[in-house]
Amino acid sequence: QVQLVESGGGLVQAGGSLRLSCAASRRTFSNYAMGWFRQAPGKEREFVAAINWSGAGTSYAGSVKGRFTISRDNGKDTVYLQMNSLKPEDTAVYYCAARKVATPSYDYWGQGTQVTVSS
């Protein structure tokens, strides 16, 4: 079982930056690929970014590529999402998720953190 706790959300003006963190409870954190997802009001949850177990491989949704950066620190059991040049359409609840290496689905989810971008 992996428990995930997000932090770092808040209210920011368009063009600003936020850094989200997701701390994992499990000491075998490096056995998990990690992802960030978001869900805006009235919309389905969507993929934002993912990172492999070592941090060497990353992927991004087209809408955030070039503005967001996912990273991880396996020594601190934490994954980060640096969000720059934020837009009002980035407003959503952001969730981190863990996927055990070599499995297809994200099995563990955090409670989410609200990000609101004002215009």
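Which residues of the largest nonpolar core touch the most other members? In this predicted model, the core holds 30 residues, and the ones with the most contacts to fellow members are Leu 4, Met 34, Trp 36, Leu 81, Met 83 and Tyr 94. Plenty of strands chip in: S3, S4 (32-39), S5 (46-51), S7 (68-73), S8 (78-83), S9 and S11 (113-118) each supply at least two residues of this core.

Leu 4 is worth a closer look. Leaving aside residues up to four places away in sequence, Leu 4 touches Cys 22, Ala 23, Ala 24, Met 34, Cys 96, Ala 97, Ala 98, Tyr 108, Trp 109, Gly 110 and Gln 111. That list includes Met 34, another of the core residues that touch the most other members, and it also takes in Cys 22 and Cys 96, the two halves of a disulfide.

On to that disulfide. The count for the model comes to one, and the link joins Cys 22 to Cys 96 with 1.9 Å between the sulfur atoms. The pair brings together distant parts of the chain, since Cys 22 belongs to strand S3 (residues 18-24) and Cys 96 to strand S9 (residues 92-100), 74 residues apart. The link is right-handed, with 45° about the S-S bond. Both ends are tucked away from the surface: Cys 22 is buried, and Cys 96 is buried too.

Strand S3 also turns up in an open sheet. Four strands make up this sheet, in the order S1-S3-S8-S7 and with antiparallel pairing. Strand S1 (4-7) and strand S7 sit at the edges with a single partner strand each, so one side of each has no neighbour in the sheet. From one strand to the next, the twist averages 15°. Within the sheet, S3 and S8 run antiparallel and pair over six bridges. Leu 20 stands opposite Leu 81 of S8, and Leu 81 is again one of the core residues with the most contacts to other members.

The charged side chains tell their own little story. Side chains of opposite charge can pair when their charged atoms come close, and here the count of salt bridges comes to three. Starting at one end, Glu 46 pairs with Arg 38, with 2.6 Å between the closest N and O atoms. Buried or exposed, where does Arg 38 fall? Arg 38 is buried, at a relative accessible area of 6%, whereas Glu 46 is partly exposed, at 36%.

Arg 38 has a second partner, meeting Asp 90 in a salt bridge at 2.9 Å, N to O. Because Arg 38 lies in strand S4 and Asp 90 in the loop between S8 and S9, this pair ties together parts that are 52 residues apart in sequence. Asp 90 counts as buried, with just 1% relative accessibility.

Asp 90 in turn meets Arg 67 in a salt bridge, at 2.8 Å from N to O. Arg 67 lies in the loop between strand S6 (58-60) and S7, and Asp 90 in the loop between S8 and S9, so this pair ties together parts that are 23 residues apart in sequence. Arg 67 also counts as buried, at 11% relative accessibility. Put together, the shared partners join Arg 38, Glu 46, Arg 67 and Asp 90 into one salt-bridge network.

Key:
Residues numbered from 1 in each chain as written. Predicted model: local features only at pLDDT ≥ 70, side-chain atom pairs only at ≥ 80, totals over all residues. Heavy atoms only, no water. Disulfide = S-S within 2.5 Å. Buried < 20%, exposed > 50% of the residue type's maximum accessible area, 1.4 Å probe, protein only. Core = buried A, V, L, I, M, F, W, Y, C linked by side-chain atoms within 4.5 Å. Contact = heavy atoms within 4.5 Å. Pairing = 2+ DSSP bridges. Axes fitted to C-alpha atoms, helices over the stretch in contact; angles between N-to-C directions. Salt bridge = Lys/Arg side-chain N within 4 Å of Asp/Glu carboxyl O.
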